[in-house]
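Colleague: Please take me slowly through one part of this predicted model, keeping to the details that I can check on the coordinates myself. I would like the pairing first, then the surroundings, and a word on confidence where it matters.

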Amino acid sequence: MAFTSAWAVGSVDAPALIERAVHRGEIWTAAFAPDGRHLATVGEDGLLAVTDPRDGATATVSEGSIGVAWLGADGLLSVDRDGAMRRWTSDASGRWRAGRALPHGADPYGVLAAPGGDWAVSYGAGPRARL
């Protein structure tokens, strides 16, 4: 099991605030929401999970992801094993819902979003990045 740990970085000797076994296997990528209230992780198991670093509560978003990026505090982008990039939003109950899937193509590696959330790029095998 791979562990997700959240640390208070205000001092050098800060203890881990939370440590949760979230993924089976390695964690491939992690990203904090812009407001710092959530941590999204993707592991080799394909699980996209969102963890609240204050209390360790974890929600499963997807089970076929490769990479993740935040779009604002309540939106995620994932690139998935099926070659699609998906936008996810959370509803009032905290459940994550997939929006429109955009084609990336074969072998995506990851996704990045511009700080304002107006642009995103997926990248992977081959000579092209897709905006």
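**A close look at one sheet**

Modeller: In this predicted model, E9 and E10 pair in the antiparallel sense, and six bridges hold the pairing on record between them. Along that pairing, Ser 90 stands opposite Trp 96 in E10. The two strands form a hairpin with five residues between them, and in its turn Gly 94 has a positive phi of about 90 degrees.

Working back towards the N terminus, E9 covers residues 84-90 and also pairs with E8, again in the antiparallel sense, over five bridges. Here the bridge partner of Leu 76 is Trp 88 in E9. E8 and E9 form a hairpin as well, with three residues between the strands, and Gly 83 takes a positive phi near 85 degrees there.

One step further back, E7 pairs with E8, which spans residues 75-80, in the antiparallel sense and over five bridges. Two pairs can be picked out along this contact: Ala 69 stands opposite Leu 77 in E8, and Ser 65 has Asp 80 in E8 as its bridge partner. Four residues lie between the strands of this hairpin, where Gly 72 adopts a positive phi near 70 degrees.

Put together, these pairings give an open sheet of four strands in the order E7-E8-E9-E10, with antiparallel pairing. Its edges are E7 and E10, the latter covering residues 96-103, and each of the two pairs on one side only. From one strand to the next, the twist averages 25 degrees. If you follow the side chains on the screen, it helps to remember that in a regular strand they alternate between the two faces of the sheet.

E7 deserves a longer look. Although E7 is an edge strand of this sheet, E7 is mostly covered, with six of its six residues buried. For comparison, buried residues make up 40% of the 131 residues in the chain. E7 is also where confidence is highest in the chain, at a mean of 93, whereas the lowest mean, 50, belongs to strand E1, residues 2-7. The chain averages a pLDDT of 81, and 82% of the residues score at least 70. Where pLDDT is low, the predicted coordinates should not be read in detail.

The surroundings of E7 include a pocket, the second largest, with a volume of about 230 Å³. It is lined by 21 residues, of which Ala 31, Val 68, Ala 69, Val 111 and Leu 112 are the closest to its centre. The elements that give two or more residues to this lining are strand E3 (27-32), strand E7 (65-70) and strand E11 (108-113). Sorted by class, the lining of this pocket holds 16 nonpolar and five polar residues, and no charged ones. Ala 69 therefore appears twice in this account, since Ala 69 is among the residues closest to the pocket centre and also stands opposite Leu 77 in E8.

E3, which shares in that lining, leads to another sheet: four strands form it, open and with antiparallel pairing, in the order E3-E4-E5-E6. E3 and E6 stand at its edges, each with a single partner strand, so one side of each is left without a neighbour in the sheet. Neighbouring strands are turned by 25 degrees against each other on average, direction ignored. Within this sheet, E5 and E6 pair in the antiparallel sense over four bridges, and Val 50 stands opposite Ala 59 in E6. The loop between strand E5 (48-51) and strand E6 (58-62) contains Pro 53, which is buried, with a relative accessible area of 10%. The C-alpha atoms of Pro 53 and Leu 39 are separated by 6.9 Å, although the two are 14 residues apart along the chain.

As for the wider setting, the chain has zero helices and 13 strands.

How values were computed
Residues numbered from 1 in each chain as written. Predicted model: local features only at pLDDT ≥ 70, side-chain atom pairs only at ≥ 80, totals over all residues. Heavy atoms only, no water. 1 Å grid on protein atoms, 1.4 Å probe; cavity = no way out; pocket = protein on both sides within 12 Å on 5 of 7 lines; lining within 4 Å. Points joined across faces, edges and corners; volume = space filled by probe spheres on them. Nonpolar A, V, L, I, M, F, W, Y, C, P; charged D, E, K, R; others polar. Pairing = 2+ DSSP bridges. Axes fitted to C-alpha atoms, helices over the stretch in contact; angles between N-to-C directions. pLDDT = per-residue confidence, 0-100. Buried < 20%, exposed > 50% of the residue type's maximum accessible area, 1.4 Å probe, protein only.
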